[in-house]
Every structure is written in structure tokens, then in C-alpha cells.
Amino acid sequence: IPLEKLAAGLSKQQDVFDMKVKQLMIGNLNLQALLEDSSIQANLLIINDPEIEVFRDKSKPEDLASKIGKYPHQMLLKLPFSINLPDILVEGGNISYAEKNEQGDAIGKVTFNRLKGKIGPVLKGMPGQKKIHARFTALFMNTTAITVGFEFPESNDGSFSANAKFSPFPVTIINAAALPLGNIQLKRGKVTQLSFTIRGNNTAATGTTLLNYQDLTIDVMK
């Protein structure tokens, strides 16, 4: 089922996913722990060429149900088995996020290509530091380099942090999102510097953004 059709069948806004992974490689898996205790213990997990598509239909009513406890590190603690993975490596692959606007007449899309990164340690039910670090590099809109970092410490309030830094890029590459979602067309210009940091928890998030640009020309559409 196409993601747009799947989202259209939902009563509320919700991210729907299509995920494919070409290959998973796991190093030094503790087979005895897996068979006897359903415990995942290994030295390394490599995810090759993941393809992840995400779609959201903003023309649907917003889902007002509580999202507390649903961050990745909080969901990890709810798993019914223990995990000990010092490193998860991601090699290659692409991520795309598409969104239908509130009027329901257009779809905006951003992509992150040639994804490469590292996640870890991923520990659950094990001694040691529980803070999960994640670092990724990719090409934003298959054009400009981006570096992204996340930190997910073990906490009761869902604390997390994220940061990103972009290499310079022509503003026209984001028209695939800006035009259908914001009714603006970026005619000309260059982003010379773009970075952001965010810190948040279950109930709030704060952050800073730095954006420098040159020769920006924008058309506001009807």
C-alpha cells in the first residue's frame, strides 16, 4: 500500500513508515544468551543500505493523545529482553520525509542520502553508562553535506539533545518542501552557514539556530 494511501485511511495524523534493509551483519552474537534468555548480546551490529520513507498527512486532525514515554530511549527500556550492543554502524542508505499540507492539495519532501553513522552503546538490563550517542553524516537533498548528533541519557523525564551542521548550499534545493508546505518559492540565494542545537524532555524543548545567507530572493505564492 502506498504510504499516502495508508495515511489517508487513518483518522488522525500519524507518521507511517516504509523500511527496507539490504543486509544486517552481527559480530560475536552470544547465541546461548539469545536462546536461553532472549537477550541480545553482541560486539557489533552493521546495518547496510537502509531505505526509510516516512509520510505524514497534515490534512488529518491532530492526534492529541499523550506522547510522553515514546522517545527512542524510553521505548528501549520497555523492551521485555536485555540488550548489550556497544556499537551499531549504519553504512549507506537513504531517509526521506514527506508531508501532505493542511489543505491536502500538495506534498513536500526532504531527503537525506548516503547516510553513514554510529549508534551506541545500546544497553538495557546491563551495568554501565546508559547514555546513547548517535552521530551521522549524509547529503541533504542529495546535494550538501550535513553532520547530525544525538544524545539520549537514561532519565525519568525523557531528556535528550540534538545538533546539526550543514555545509553551504543553494536555497533552491529546498523548494521541494518550501513550495508545497509554505507557499513560498526560493528563486535565488545561498545559505552560507546553518546549524542548530536542541535540548528537551517530555514536556518542553529549547534550542538555538544560526542561519547566514546571501542574495536571497523569495516569491510568495497565492
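These are my notebook entries on what I looked up in this structure, which is a predicted model.

**Entry 1: overall make-up**

I began with the whole chain. The protein has 222 residues, and 33% of them count as buried. I found 4 helices and 14 strands in the protein. I then took the extent of the C-alpha trace along its principal axes, which is about 65 × 40 × 35 Å.

For the surface I noted an exposed area of about 13,500 Å², with carbon and sulfur atoms supplying 55% of it. I also looked at contacts with a separation of 6 or more, and residues 24 or more positions apart account for 59% of them.

On charge, I counted 25 positive and 21 negative charges in the protein. Their mean positions are 3 Å apart.

**Entry 2: salt bridges**

How many salt bridges does the structure hold? I got 7. Side chains of opposite charge can pair when their charged atoms come close. I wrote up three of the pairs.

The first pair I looked up is Glu 4 with Lys 100, where the closest N and O atoms are 3.0 Å apart. This pair links distant parts of the chain, 96 residues apart. Glu 4 belongs to helix H1, residues 3–8, and Lys 100 to strand S6, residues 94–100. Is Lys 100 buried or exposed? I have Lys 100 down as buried, since its relative accessible area is 12% and the limit for buried is under 20%. Glu 4, at 36% relative accessibility, counts as partly exposed.

Next I took Arg 56 and Asp 15, whose side chains meet in a salt bridge of 3.0 Å, N to O. Arg 56 is in strand S3 (residues 44–57), while Asp 15 sits in the loop between H1 and strand S1 (16–27), so this salt bridge ties together parts that are 41 residues apart in sequence. I checked both partners for exposure. Arg 56 is buried, at a relative accessible area of 17%, whereas Asp 15 counts as partly exposed, at 30%.

The third pair in my notes is Glu 151 with Lys 131, with 3.7 Å between the closest N and O atoms. Which parts of the chain does this pair tie together? I placed Glu 151 in strand S10 (residues 144–152) and Lys 131 in the loop between strand S8 (122–124) and strand S9 (132–140), so the parts joined are 20 residues apart in sequence. Here Glu 151 is partly exposed, with a relative accessible area of 22%. Lys 131 also counts as partly exposed, at 26%.

**Entry 3: aromatic rings**

I turned to the aromatic side chains and counted 6 aromatic pairs. A pair of aromatic rings is described by the distance of the centres and the angle of the planes.

For Phe 112 and Phe 140, the ring centres are 5.6 Å apart and the planes stand at 40°, so I logged the pair as tilted. The two residues come from distant parts of the chain, Phe 112 from strand S7 (residues 107–120) and Phe 140 from strand S9, 28 residues apart. Phe 112 is partly exposed, at a relative accessible area of 25%. Phe 140 counts as buried, at 8% relative accessibility.

I then followed Phe 140 to its pairing with Phe 169. Their ring centres are 6.1 Å apart and the planes are at 70°, so this pair is edge-to-face, given that angles over 60 degrees count as such. Phe 169 lies in strand S12 (residues 169–170), 29 residues apart from Phe 140 in strand S9. I noted both Phe 140 and Phe 169 as buried.

Which residues form one aromatic cluster? I listed Phe 112, Phe 140, Phe 166 and Phe 169.

**Entry 4: two single residues**

I looked up Asn 175, which is in helix H4, residues 175–182. Asn 175 is buried, with a relative accessible area of 15%. Leaving out residues up to four places away in sequence, I found that Asn 175 touches Pro 180, Ile 184, Gln 185 and Leu 186.

The last residue I looked up is Asp 105, in the loop between S6 and S7. Asp 105 is exposed, at a relative accessible area of 63%. I also took the separation of the C-alpha atoms of Asp 105 and Leu 181, which is 9.8 Å. Along the chain these two residues are 76 residues apart.

How values were computed:
Residues numbered from 1 in each chain as written. Predicted model: local features only at pLDDT ≥ 70, side-chain atom pairs only at ≥ 80, totals over all residues. Heavy atoms only, no water. Salt bridge = Lys/Arg side-chain N within 4 Å of Asp/Glu carboxyl O. Buried < 20%, exposed > 50% of the residue type's maximum accessible area, 1.4 Å probe, protein only. Contact = heavy atoms within 4.5 Å. Areas by Shrake-Rupley, 256 points an atom, 1.4 Å probe, with all protein chains shown as cover. Lys, Arg positive; Asp, Glu negative; His and termini not counted. Charge placed at Lys NZ, Arg CZ, Asp CG, Glu CD. Phe/Tyr/Trp six-rings, centres within 6.5 Å; stacked < 30°, edge-to-face > 60°.
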